[in-house]
Amino acid sequence: MKLKKFDKVRFQKEVKENVRRYYRKEFDEATQEELFQVVCLTIKDRIIDEWLETQEAMKRENPKVLYYMSMEFLMGRAMGNNMINLTCYDHIRNALDEMGIDLDVLEDKEPDPALGNGGLGRLAACFLDSLATLGYPAYGCGIRYHYGLFKQKIENGYQVEKPDNWLKNNYPFELKRSEYSKVVKFGGYIKVEKLPNGKQKFIQTDYQAVKAVPYDIPIIGYANHMVNVLSIWDAEPMEEFRLDSFDKGDYEKALEEQNLANTLCDVLYPNDNHVQGKELRLKQQYFFTSASIQRAIERFARYNDDIHDLPKKVVFQMNDTHPTVTVAELMRILLDEYNLEWDEAWEITTRCVAYTNHTIMSEALEKWPIEIFSRLLPRVYQIVEEINRRFCLAIETKYPGDRNKIEKMAIIYDGQIKMANLAIVAGFSVNGVAALHTEILKKRELKDFYEMFPEKFNNKTNGITQRRFLAHGNRRLAQWITDKIGPEWITDLKRLEGLAVYADDKKAQQEFMNIKYQNKVRLAEYIKEHNDVNVDPRSIFDVQVKRLHEYKRQLLNILHVMYLYNELKEHPEMEFYPRTFIFGAKAAAGYEIAKLTIKLINSVADVVNNDETIDGKIKVVFIENYRVSNAEMIFAASDVSEQISTASKEASGTGNMKFMLNGAVTIGTMDGANVEIVQEVGEENAFIFGMSSDEVIELERNRTYNPMEIFNNDQDVRKVLTQLINGFYSPDDTERFRPIYDSLLNTNRTQFADTYFNLADFRSYADAQKKVMEAYMDEEGWAKKAMLNVAHSGKFSSDRTIEEYVRDIWHLDKVRI
């Protein structure tokens, strides 16, 4: 089908008519918020035409459909991305210009949907974009969080968590689909009835229930009329108010289901440091998986007669362990609602579910106390128990008398339900997300499972969508690339290899670096507006933006900044190219050491940024409320990409790919996808430092690492660490940063000191940073490195990743529209 020609006059007319229709006022009276809403609704009308065409094609072809189950979808703003994928961005900008409307102002009115937090959710969003662009039918399945994780405010240097009320002014691109509402039940008891045919029927009684209501958000493919769906579930009470209970004076019972519905979807990852938080997390996971599976099976039954054919038409991909209850819920529906025998239901389930592992950290593999799980999900727990019983028998058969195997592999053990184990046992595919990550899973973290099920394990290196992070996020560079090699890279990122011939071209280098400079000016203006800090766009923009966790080592970065500051103070005559160190990160609300690291970064910034004696040679900036919309601006402006996690800890990373695509050069460890980035671009075009994953694993195994030796023998490290506790950065409270100091040196902690080897890698990191400065001072050499990073980023498109999932796991067919 050909692309529809954009009708500028009609678009302008519809915008004006929509102002009258939705706001009962004339166009020239509309506020910027109202203009944003009506422009989105006008775009949405065009999307709905293509959405209906897609649905008709789906009915006609009855293809196999992917249901991508994820607690997070970190989507970013939709307006500009939809315009890009409809191939009408410039047309709409020009049409609005003629109407006196600034598109940039409108785009800034859109809140980032608060549906995710970190790389897990952003990967899911990239995957949805690629699935639609490649023409594969898919539903993203998640939760319509009212306030997300939180909106981060920095007050007196500390992170303060505020509600992220992204739905305050309504979200114009979502569509409420009450007709597909489902009932989800919690708690109660299981009553067993014996049927005349001798079978047992399991009935849940005395439960609490909520109504799950889907809100569908269209996911538009690039220039192909394909519209997939992100279906996010909100909770409503089954009854608005139980008058009978109220009349009897039982006020609490009258409101209990309403309260459950009101709180269920409020926040992403409620604090689980207490029982109520754990219960809410489990309820959330079951809520969206149950509703999604019910809707998927209902849709299947509309076009297919035999439930045994479900694996031919449906596949559920579990994005990490959060949606693993998918396994038992699908079994419950097949057993209790379709009355299948266990073996029939298990055969269907194990051909429908697949699992992506996103973490090497064993403590991040979810485990649920039996007491909570069995009380909230009594029938689901019975099914998990039976899966576990049968699996333990299989272990005993394969490894007779080996109790150690059962201890490590059982789904239920020592009072806990191990969700990763359930996902591996039931999933027909288990994939890691970078080559190194997958090898570590097979050789260490999941070694026993790999030995038992080697055929299940495979690697799918993560990717990112170039349509958001280059075509939309860096429009200057995108246009330059198109001028050089044509527009095909938008759907075939490998075409960027054609840029390599320009890497030694001085004119092309100047053009490329001028674009980078303009992007740095834009970010500098943003920093001035939001941080009131003047930064020099001619300085090196050295950037670390990602979720804050100790293994990602934002601490190593700021310790190095403290070291550089000391060096400048002691040796003011030293050669030093100005550096702007930019951080952005949210720390989980209950993660105290991570939150204290944010305070440290801001305390260092207060000292360094206000020291006139160093003449602005170092600036430190912490960008508040890091999210997709400001990330696009940050990636485009970055010179140096900080990917400095402890080797063996980062599963993949995708920020590293976004930086690379935008011409930033990596400084990093050989961890996660950094390994493959270096393979693509060459070691000479990156700055690699630190221990290898094997060296880290060996130190962890033999526990011979003693950071106190480094403290005693390296006076620079000793000075930096002493500044943590002598009031240098906290004159009002010398003990403020004591927990960080202790985490690095105190072996009395529950974990061994410096768990993530900051001090072990410090000197190597400092040496690599010195090489960065020297390389940047060679303007032509740096331009070549940056351009080659762009040219060799083609592998890291999520389009490539999705094609591999389709080929090896999902076996989908493209829909013809």
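This text walks through a predicted model, from its helices to its sheets and then to some single residues.

Start with helix α1, which spans residues 8-23. Its neighbour here is helix α4, made of residues 89-98. Two packed helices are described by the angle between their axes and the distance between the axes. For α1 and α4, the axes come within 10 Å and cross at roughly 60°. An angle of that size is neither roughly parallel nor roughly perpendicular, because the perpendicular range begins at 65 degrees. The two helices are therefore oblique to each other. The crossing of α1 past α4 is right-handed. Which residues make the contact? From α1 come K8, F11 and Q12. From α4 come I92, A95, L96 and E98. Sorted by class, this contact has four nonpolar residues, one polar residue and two charged residues.

Stay with α1 for a moment. N18 sits in this helix. Is N18 buried or exposed? Its relative accessible area is 2%, so N18 is buried, the limit being under 20%. Look past its neighbours within four places in sequence, and N18 is in contact with Y23, V38, L41, T42 and D45.

Now follow the chain out of α1. The loop between α1 and α2 (32-61) holds R24. R24 is not a glycine, yet its phi is positive, at about 50°. R24 has 76% relative accessibility, so it counts as exposed.

D320 also has a positive phi, near 75°, and it is a residue other than glycine. Find D320 in the loop between β11 (314-319) and α11. Here the relative accessibility is 8%, so D320 counts as buried.

Next, go to the far end of α11 (326-337). The loop between α11 and α12 (342-352) contains N339. How accessible is N339? The value is 46%, so N339 counts as partly exposed. Setting aside neighbours within four places in sequence, N339 is in contact with K199 and L334. Compare its position with that of T461. These two residues are 122 apart in sequence, and their C-alpha atoms are 39 Å apart in space.

K199 leads us to a hairpin. Strand β7 (residues 189-194) pairs with strand β8 (residues 200-205). The pairing is antiparallel, over six bridges. Within it, E193 stands opposite K201 in β8. Five residues lie between the two strands, and in this hairpin G198 takes a positive phi near 90°.

Strands can also join into sheets. Strands of a sheet pair through backbone hydrogen bonds, either parallel or antiparallel. Take the antiparallel case. An open sheet of three strands runs in the order β13-β15-β14, with antiparallel pairing. Which strands stand at the edges? They are β13 (367-369) and β14 (412-413). Each has a single partner strand, so one side of each is left without a neighbour in the sheet. Between β13 and β15 (residues 416-418) there are three bridges. One pair to look for is W368 with its bridge partner I417 in β15. Helix α16 (residues 419-426) lies across β13 and β15, and runs at about 45° to β15.

Now the parallel case. Six strands form an open sheet in the order β20-β19-β18-β21-β22-β23, and the pairing is parallel. Its edges are β20 (618-622) and β23 (687-688). Each of these has a single partner strand, so one side of each has no neighbour in the sheet. Strand β19 (residues 579-584) pairs with β20 over five bridges. In that region, F583 stands opposite F622 in β20. Helix α32 (residues 779-791) packs on the sheet and touches β21 (640-643), β22 (665-668) and β23. The direction of α32 makes about 90° with that of β22.

Finish with another helix pair. The axes of α22 (residues 554-570) and α29 (residues 715-723) come within 10 Å. They cross at roughly 110°. That makes α22 roughly perpendicular to α29, because angles of 65 to 115 degrees count that way. On the α22 side, the contact uses L559, M562, Y563, N566, E567 and E570. On the α29 side, it uses D716, K719, V720, L721 and Q723. By class, these residues are five nonpolar, two polar and four charged.

Technical notes
Residues numbered from 1 in each chain as written. Predicted model: local features only at pLDDT ≥ 70, side-chain atom pairs only at ≥ 80, totals over all residues. Heavy atoms only, no water. Helix = DSSP H or I, 4+ residues; strand = E, 2+ residues; numbered from the N terminus. Buried < 20%, exposed > 50% of the residue type's maximum accessible area, 1.4 Å probe, protein only. Contact = heavy atoms within 4.5 Å. Axes fitted to C-alpha atoms, helices over the stretch in contact; angles between N-to-C directions. Parallel < 35°, antiparallel > 145°, perpendicular 65-115°, else oblique. Left-handed = near helix turned anticlockwise from the far one by under 90°. Nonpolar A, V, L, I, M, F, W, Y, C, P; charged D, E, K, R; others polar. Pairing = 2+ DSSP bridges.
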